[in-house]
Amino acid sequence: MRSLLLLGSTGSIGTQCLDLVRGARDRFVVVGLSSGRGGDALAAQVREFAPRFVAVRDPEGAAAVRAALPPTATLFVGEDANLELIAAAEFDLAVHGIVGSAGVASTQAVLERGRSVALANKESMVVAGELLMELARSKGVTIIPVDSEHSALFQCLGDVPIDRVRRLILTASGGPLWERSKDEIERVTVDEALAHPNWDMGPRITIGSATLLNKALEIVEAHHLFGIDPERIEVAVHRQSIVHSMVEFVDGSVLAQMGPPDMRGPIHYALNWPGRSPADLVGFDLDLFAKLTFEAPDTDRFPALALGWRALELGGDAPCALNAADEVAVAAFLDGSIPFTRIARVNAEVVNAFGSAADDVETLMLRDREARAAARRALERLGAPSTARPGAESR
Ligand SMILES: NC(=O)C1=CN([C@@H]2O[C@H](COP(=O)(O)OP(=O)(O)OC[C@H]3O[C@@H](n4cnc5c(N)ncnc54)[C@H](OP(=O)(O)O)[C@@H]3O)[C@@H](O)[C@H]2O)C=CC1
Ligand SMILES: CC(=O)[C@@H](O)[C@H](O)COP(=O)(O)O
Ligand SMILES: [Mn+2]
């Protein structure tokens, strides 16, 4: 029996993880659940899975959860609730589906406890990838990627050393706006930007798919997870999201990991790593796989994509600043304060103002706050009303 801590259990990743656990109760037990807002969504999960520990960030959402708690369970509430949960619970594996840089401290805490993490929270790698990879190495634990592209690369790479790799090719769906002209993209609405063609995900990452900033973050994520130079990471637009990414080895051989777009695949793989276990998930399907296309990315219409390589070139705190700026800008776009194209503009402006060394996670979180402030100033200067509450991004 493998015991799981599920961070961000009410989100897209969290609920899909619980779907898998529901079908494998003989192999997995949920010992901890957490969410930001708590409320009825988390309360229902607590009733169903009866975890020993629960964490909620917002005190207003705690009452409903408290009413659902098993008698011997403990509830942590407040900004540090996840950290208290990680410290208190006995678990084999943490599944991390919190969105945003709010999830970085939890990744660090799980690794500090000497436990492996199935990591969907790509922001951890973007903000503090080098430090967290080093921490995992020193503790002898593994960061198992859940992000579909990185799960694909992890599976294709196996134990092959990274110097035997010529290139990593990240696939990108192109998002909902791939067919639009530059002029059309200027006028895109929130609903249009949220209409991802293949994946049903939370709002922050879905807008990232539309700007292609999600792929920029994934370049940084791949750089840290696999220890590969940014110049050897490429992006190919693959509209079907069936090939989840590819490894080209030094001998020219290319391995791809494939499957229908369903995040339960990478989550299941991470839950069962290093083994493989049967799953009721679709594999090869003649109709779905009949036509697989690949196109060059377009950084003219989607300038945010280039910011991944740019952030790595600037180094230090620049990827952290890029992520923070994007969290602020996406929140402003979603609440109607700014047009779509301003997201990439603010991201570029902020990332280019950063690039200083940062030697620990605390310093990076300070830079995260500075970058958020810089993004808000940029938005105001560019004419956006300051409606997004500081700290309200990615909630
Ligand atoms: N969804 C997907 O298919 C994919 C997601 N990812 C990555 O996975 C992560 C999660 O994405 P997704 O599931 O789409 O996001 P969602 O917005 O759907 O869910 C986010 C989850 O995080 C919780 N949360 C937010 N802040 C906190 C906090 N401080 N403490 C505890 N929980 C918190 C939310 O709780 P509440 O709802 O109560 O606020 C919610 O449960 C992101 O980093 C994303 O980039 C990567 C690849 C694919
Ligand atoms: C499912 C997943 O891993 C997402 O990160 C996905 O990659 C988003 O799709 P895009 O390729 O459109 O960014
Ligand atoms: Mn992805």
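## Overall form of the chain

A compact globule of 395 residues would have a radius of gyration near 21 Å, and because the chain has a value of 20 Å, the two agree. This is a predicted model, and the values discussed here are to be read as computed from it. Along its principal axes, the C-alpha trace of the chain spans about 60 × 50 × 40 Å.

The secondary structure comes to 16 helices and eleven strands. Of the 395 residues, 51% count as buried. If one considers the contacts in the chain with a separation of 6 or more, 69% of them are accounted for by residues 24 or more positions apart.

## Two domains and their contact

The chain is divided into domain 1, which covers 2–145, and domain 2, which is made of 151–260 + 286–381. The C-alpha centres of domain 1 and domain 2 lie 24 Å apart. To the contact, domain 1 gives 19 residues and domain 2 gives 22 residues.

On the side of domain 1 that touches domain 2, the elements giving two or more residues are α5 (104–112), α6 and β7 (143–145). Helix α6 provides the largest share of this side, with ten residues. Sorted by class, the residues on this side of domain 1 are ten nonpolar, six polar and three charged.

## The surroundings of ligand 1

Ligand 1 is surrounded by 30 residues, and the closest are Gly8, Gly11, Gly36, Met201 and Gly202. Two or more residues of this shell come from each of α1 (12–22), β2 (28–35) and α6 (122–139), and the largest share, three residues, is that of α1. The shell around ligand 1 consists of ten nonpolar, 14 polar and six charged residues. Because domain 1 (2–145) and domain 2 (151–260 + 286–381) both give residues to this shell, ligand 1 lies between them.

An unreviewed UniProt entry places the feature "binding site" at Thr10, Gly11, Ser12, Ile13, Gly36, Arg37, Asn121, Glu123 and Gly202. Two of these positions can be followed further in the model. Gly36 lies in the loop between β2 and α2 (39–49), and it counts as buried because it has 22 C-beta neighbours inside 10 Å, where 20 or more are needed. Gly202 lies in the loop between α9 (190–194) and α10, and with 17 C-beta neighbours inside 10 Å it counts as partly exposed. If residues up to four places away in sequence are not counted, Gly202 touches Gly11, Ser12 and Val99.

## The surroundings of ligand 2

The residues around ligand 2 are Asp147, Ser148, Glu149, Ala172, Ser173, Gly175, Trp199, Ile205, Ser209, Asn214, Lys215 and Met263. Helices α7 (148–157), α10 (203–211) and α11 (213–226) each supply at least two residues of this shell. By class, the shell around ligand 2 has four nonpolar, five polar and three charged residues.

The unreviewed UniProt entry also gives the feature "binding site" for Lys122, Ser148, Glu149, Ser173, His196, Ser209, Asn214, Lys215 and Glu218. One of these, Ser173, lies in the loop between β8 (165–172) and α8 (182–186). Ser173 counts as buried because it has 20 C-beta neighbours inside 10 Å. When residues up to four places away in sequence are not counted, Ser173 touches Pro197, Asn198, Ser209, His238, Arg239 and Ser241.

## Lys122 in helix α6

Another position with the UniProt feature "binding site", again from an unreviewed entry, is Lys122, which is found in helix α6. Lys122 is buried, because 28 other C-beta atoms lie within 10 Å. Leaving aside neighbours within four places in sequence, Lys122 is in contact with Asp147, Leu217, Glu218 and Glu221. Of these partners, Asp147 is among the residues around ligand 2, while Glu218 is itself among the positions that UniProt marks as "binding site".

Helix α6 thus appears in more than one part of this account: it is one of the elements that give two or more residues to the shell around ligand 1, and it also gives the largest share of the side of domain 1 that touches domain 2.

Technical notes
Residues are numbered from 1 along each chain as its sequence is written. Chains are lettered from A and ligands numbered from 1 in the order in which they are written. This is a predicted model: local features need pLDDT of at least 70, side-chain atom pairs count only at pLDDT 80 or more; totals for chains, interfaces and linings use all residues. A residue is near a molecule or strand if its C-beta atom, placed from the backbone, lies within 6 Å of it. Helices (H or I, at least four residues) and strands (E, at least two) are DSSP runs, numbered from the N terminus. Ala, Val, Leu, Ile, Met, Phe, Trp, Tyr, Cys and Pro count as nonpolar, Asp, Glu, Lys and Arg as charged, and the others, Gly among them, as polar. Domain bounds come from an automatic or database domain assignment. The radius of gyration is taken over C-alpha atoms; the globule rule is 2.2 Å times the number of residues to the power 0.38. A residue is buried if 20 or more other C-beta atoms lie within 10 Å of its own, exposed if 12 or fewer, and partly exposed in between; C-beta atoms are placed from the backbone. Two residues are in contact if their C-beta atoms, placed from the backbone, lie within 7 Å. UniProt positions are given in the numbering used here, feature names are shortened, and annotations may be inferred rather than shown by experiment.
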